[in-house]
Amino acid sequence: MLSSNNVSTPQQQQQQHVRIEGHDQQVVATSSAATLSIAESKELTGLTHECGVFGAIACGDWPTQIDIAHVICLGLVALQHRGQESAGIATSEGKCSKNFNVHKGMGMISTLFNDDSMKKLRGNLGIGHTRYSTAGASEVVNCQPFVVHTAHGAMALAHNGELVNNESLRREVLGRGVGLSTHSDSELIAQSLCCAPEGVSEHDGPNWPARIRHFMMFAPLSYSLVIMLKDKIYAVRDTYGNRPLCIGKIVPINSGHAGNSTETPADGWVVSSESCGFLSIGARYEREVEPGEIVELTRKGYRTVDIVERPDFKRMAFCIFEYVYFARSDSIFEGQMVYSVRLECGRQLWREAPVDADIVSSVPESGTAAAHGYARESNLEFAEVLCRNRYVGRTFIQPSTRLRQLGVAKKFGALSENVAGKRLVLIDDSIVRGNTIGPIIKLLRDAGALEVHIRIASPPLQYPCYMGINIPTREELIANKLNAKQLARHVGADSLAYLSVAGLVQTVQRKHVASGKPTGHCTACLTGEYPGGLPDELSW
């Protein structure tokens with residue numbers, strides 16, 4: 001079991017080894033300033049994802065020539081947008097079930113993994129994790145992957161999502177006499193997998209697919225998991241498919257164009273929350289892990305070992321906000337690139353909310369794809385009007401009330417030659433608290449804009465999420481206080497309109513309707529309709 005002892009004080013930025021029953025685990029503690037910057041960035045952003053997971057395994061004879069630790073590290077860099085509080089990597093050489101090489105801690109990937117730490121992460125397979133906290137505080141003890149020791153050796157687990165029945169599962173685990181060292185639901189999952197379910201014979205060794213199935217029957221959502229044992233990795237997605245997970249194929253360097261990789265032999269396999277980093281590590285997108293599917297990856301390849309069905313009356317519920325906000329635009333979900341969906345959302349937004357204007361622009365870079373779609377559908381010119389400052393520190397100190405009110409100035413500058421004397425439509429992907437858009441509008445008016453019309457390429461956020469997205473409370477969501485007309489007056493816009501829920505769903509599912517492929521998306525944060533019901537009441 002993980003121990004939270006021996007962690008350095010916040011003022012000491014140093015690295016320590018923590019002994020974990022049979023192997024060394026390295027935990028990195030960061031300074032209090034870094035912790036503060038994380039807290040401040042969550043407050044400013046208003047909308048954060050929980051985390052991203054990644055796994056890699058080499059094919060053929062071991063020891064492999066592929067540097068698995070570097071593959072995982074680069075995979076996590078590509079997933080950094082999904083979590084910036086902490087990260088970790090666990091690797092196995094595939095020979096001993098007692099020893100994993102682990103390095104994890106608070107902070108960004110680039111600061112956590114240096115030459116020394118990477119040399120210690122020898123292995124032929126491994127998993128990684130980058131995290132925002134939802135269930136469980138932002139502390140070193142909650143860093144993943146979690147490593148636990150079972151009767152059959154070590155097991156490492158990384159989790160993206162949040163269990164809606166966290167409390168009932170916690171009671172079940174504690175009722176077995178198992179102690180827990182954290183409040184993370186990811187540790188609950190690891191402990192749940194340590195015990196064989198009743199009626200399952202394990203005379204010939206542990207039946208991991210049966211253990212995973214038993215957990216999945218008890219916990220409906222929300223999770224995508226990568227689970228590492230001595231010489232294999234399991235990739236698991238909840239039966240609703242709420243959180244994303246996909247498989248990629250590591251191909252030889254000289255394999256050529258991605259479209260020719262079907263017959264190319266695999267050097268290894270990867271599994272990731274998103275496909276966006278595959279090309280940068282020499283991998284090709286293979287397919288998604290299906291809802292309820294348990295995939296086993298070994299040196300020989302991957303195979304489906306089980307599929308857990310959801311109830312007949314329940315539909316798939318993939319998080320629709322992955323398309324709107326969270327995913328990187330070059331990722332592929334459900335056979336379509338996220339950028340293409342966002343572009344189509346902009347087209348649909350023009351159909352629903354046209355406006356007489358001279359130019360279309362975006363809040364960079366979140367609204368850019370939708371802005372291009374809006375411009376193409378309306379035959380209006382697209383022009384950049386905001387220049388983003390990429391060197392703003394998260395712990396920026398506002399020295400006076402006046403500068404605090406001009407807070408957006410540290411993030412953006414206005415391209416006055418594109419703005420002056422123009423009626424412009426400004427596209428953004430979403431509005432959460434409504435704190436940012438007002439100062440942006442003022443900046444554009446000060447630069448000479450005649451009119452500023454705001455168009456949002458998603459419906460109004462009105463409900464919290466219980467499935468791995470840190471959405472503020474209903475009281476903090478501006479859409480619950482002001483309708484579109486009221487919000488336009490509040491932020492100083494000439495008009496403001498959102499994309500409708502029906503329009504968003506139609507756009508996301510357009511390709512699937514044409515192919516006849518079944519689909520379904522979670523719109524709980526927009527409609528209050530939760531696919532698995534509301535979470536358990538807190539019991540302690």
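These legends go with close-up views of a predicted model.

**View 1. The whole chain, before zooming in.** We start with the full predicted model, which has 16 helices and 28 strands. Of its 540 residues, 57% are buried. Take the contacts with a separation of 6 or more: 70% of them join residues 24 or more positions apart. As for the outside, the chain exposes about 22700 Å², and carbon and sulfur atoms supply 50% of that area.

**View 2. An open sheet of 6 strands.** Reading across, the order is β8-β9-β10-β11-β15-β16, and the pairing is antiparallel. Which strands sit at the edges? They are β8 (146-150) and β16 (301-307), each of which pairs on one side only. From one strand to the next, the twist averages 20 degrees. Zoom in on β9 (residues 153-161) and β10 (residues 223-228), and you find an antiparallel pair held over 6 bridges. One register mark to look for is His159, whose bridge partner in β10 is Leu225. As a reminder, strands of a sheet pair through backbone hydrogen bonds, either parallel or antiparallel.

**View 3. Two helices against that sheet.** Helix α6 (residues 185-193) packs on the sheet, where it touches β8, β9 and β10. The direction of α6 makes about 140 degrees with that of β9. Helix α7 (residues 208-218) lies across β8, β9, β10, β11 (233-237), β15 (293-298) and β16. Compared with β11, α7 runs at about 20 degrees.

**View 4. Helix α6 and its surroundings.** Is this helix enclosed or open? All the residues tell one story: 9 of the 9 in α6 are buried, so the helix is largely enclosed by the rest of the structure. The buried set includes Asp185, Glu187 and Gln191 as well as Leu188, Ile189 and Leu193. What covers them includes β8, β9, α5 (166-175), α7 and β10.

**View 5. Strand β27, covered on both faces.** In β27 (residues 495-498), Ser495 and Ala497 are on one side, Leu496 and Tyr498 are on the other, and all of them are buried. That layout goes with a general habit: in a regular strand the side chains alternate between the two faces of the sheet. The neighbour to look at here is β25 (residues 451-456), which pairs with β27 in the parallel sense over 4 bridges. Within that pairing, Ile454 has Leu496 of β27 as its bridge partner.

**View 6. Closing in on Ala497.** This residue lies in strand β27. Why does Ala497 count as buried? Its relative accessibility is 16%, and the cut-off for buried is under 20%. Leaving out residues up to four places away in sequence, Ala497 touches Leu349, Ala353, Ile454, Arg455 and Ile456. Pro459 is 38 residues from Ala497 in sequence, and their C-alpha atoms are 8.9 Å apart in space.

**View 7. Aromatic pairs, one tilted and one edge-to-face.** The whole structure holds 10 aromatic pairs. In one of them, the ring centres of Phe321 and Tyr325 are 6.5 Å apart and the planes are at 35 degrees, so the pair is tilted. Both residues belong to helix α8 (residues 321-326), where Phe321 and Tyr325 are 4 residues apart, about one turn of the helix. An α-helix has 3.6 residues a turn, so residues three or four places apart point the same way. Phe321 is buried at 2% relative accessibility, whereas Tyr325 is partly exposed at 24%. The second pair, Trp350 and Tyr374, is edge-to-face, with 5.5 Å centre to centre and 85 degrees between the planes. This pair links distant parts of the chain: Trp350 is in helix α9 (residues 338-352) and Tyr374 is in helix α10 (residues 368-378), 24 residues apart. Tyr374 is buried, with a relative accessible area of 0%.

**View 8. A ring cluster and two charges over rings.** Phe318, Tyr323 and Phe333 are linked into a cluster by ring pairs. Elsewhere, Lys104 lies over the face of Phe146, at 5.4 Å from the ring centre. Arg211 lies over the face of Trp208, at 4.6 Å from the ring centre.

Terms used. Residues numbered from 1 in each chain as written. Predicted model: local features only at pLDDT ≥ 70, side-chain atom pairs only at ≥ 80, totals over all residues. Heavy atoms only, no water. Pairing = 2+ DSSP bridges. Axes fitted to C-alpha atoms, helices over the stretch in contact; angles between N-to-C directions. Contact = heavy atoms within 4.5 Å. Buried < 20%, exposed > 50% of the residue type's maximum accessible area, 1.4 Å probe, protein only. Phe/Tyr/Trp six-rings, centres within 6.5 Å; stacked < 30°, edge-to-face > 60°. Lys NZ or Arg CZ within 6 Å of the ring centre and 35° of its normal. Areas by Shrake-Rupley, 256 points an atom, 1.4 Å probe, with all protein chains shown as cover.
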